[in-house]
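Grab a coffee and open the model in your viewer. Try each exercise yourself before you read its solution.

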Amino acid sequence: MVKERYVSHEVAKLLRDKGFNEPCTGYYNPEGKLNLLTYAETNSEWFKNTSAPTQQMACDWLIENYKIYINVSFVSGKGYVGTICDISDFDNAFGIVETKYYSCIETVYNEALKYVLTNLI
């Protein structure tokens, strides 16, 4: 079953700290519980909530604002590989290899988002 993949609470806080304030249909309350809405909302100081974007939304935000691209692709004989590329500096990249596609996506996006938000911006 295809489902929306939201960033972890840890990544949501890092995104907020780096300036992410896009409308999202998910948010984390101060205790870290993911809540889903039927409408979009931005980070809320009033309620102390943190926007919870999907992993794809966070990755798109990184491309638009920081020229950083995160990708998961299949490599024959290896499995699925995750990479981070600074579009302006292809020497600054790393890779993660997994055998299952969805676990690779989950691992790559969360680890790559943490790495980028902690080390590159």
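Below are four exercises, each with a worked solution.

A quick word on ground rules: this is a predicted model, so local features need pLDDT of at least 70 and side-chain atom pairs count only at pLDDT 80 or more, while totals for chains, interfaces and linings use all residues. Residues are numbered from 1 along each chain as its sequence is written, and side-chain values use heavy atoms, with hydrogens and water left out.

**Exercise 1. Find the salt bridge partner of Arg-5 and work out which parts of the chain the pair links.**

Step 1: Use the cut-off. A salt bridge is a side-chain nitrogen of Lys or Arg within 4 Å of a carboxyl oxygen of Asp or Glu. The structure holds 4 of them.

Step 2: Look around Arg-5. Its side chain meets that of Glu-106, at 3.3 Å from N to O.

Step 3: Place both ends. Glu-106 sits in helix 3 (residues 101–120) and Arg-5 in the segment before helix 1 (9–17), so the pair links distant parts of the chain, 101 residues apart. Helices (H or I, at least four residues) and strands (E, at least two) are DSSP runs, numbered from the N terminus.

Step 4: Check accessibility. Buried means under 20% relative accessible area, exposed over 50%, and partly exposed in between (1.4 Å probe, protein chains only). Arg-5 is buried at 18%, whereas Glu-106, at 30%, is partly exposed.

**Exercise 2. Trace the salt bridges of Lys-114.**

Step 1: Start with Glu-10. Its closest approach to Lys-114 is 3.7 Å between N and O atoms. Glu-10 is in helix 1 and Lys-114 in helix 3, so this bridge ties together parts 104 residues apart in sequence.

Step 2: Go on to Glu-111, whose side chain meets Lys-114 at 3.0 Å, N to O. Both lie in helix 3, 3 residues apart, which is about one turn of the helix.

Step 3: Put it together. Through shared partners, Glu-10, Glu-111 and Lys-114 form one network.

Step 4: Add accessibility. Glu-10 is partly exposed at 44%, Glu-111 is partly exposed at 37%, and Lys-114 is partly exposed at 22%.

**Exercise 3. Which element gives the largest share of the largest nonpolar core?**

Step 1: Set the terms. A nonpolar core is a set of buried Ala, Val, Leu, Ile, Met, Phe, Trp, Tyr and Cys residues joined through side-chain atoms within 4.5 Å. In soluble globular proteins, nonpolar side chains tend to be buried together.

Step 2: Pick out the hubs. Among the 25 residues of this core, Val-7, Leu-15, Leu-62, Ile-70 and Leu-113 touch the most other members.

Step 3: Map the suppliers. Helix 1, strand 1 (24–28), helix 2 (55–66), strand 4 (68–75) and helix 3 each give at least two residues. Helix 3 provides the largest share, 8 residues.

Step 4: Zoom in on Leu-62. Leaving aside neighbours within four places in sequence, its contacts (heavy atoms within 4.5 Å) include Ile-70, Leu-113 and Val-116.

**Exercise 4. Work out the strand order of the open sheet and name its edge strands.**

Step 1: Apply the pairing rule. Two strands pair if DSSP finds at least two bridges between them. Strands 1 and 3 pair in the antiparallel sense over 2 bridges, and Tyr-28 has Thr-50 in strand 3 as its bridge partner.

Step 2: Read off the order. The sheet has 3 strands, ordered 2-1-3, with antiparallel pairing.

Step 3: Name the edges. Strand 2 (34–41) and strand 3 (50–51) each pair on one side only.
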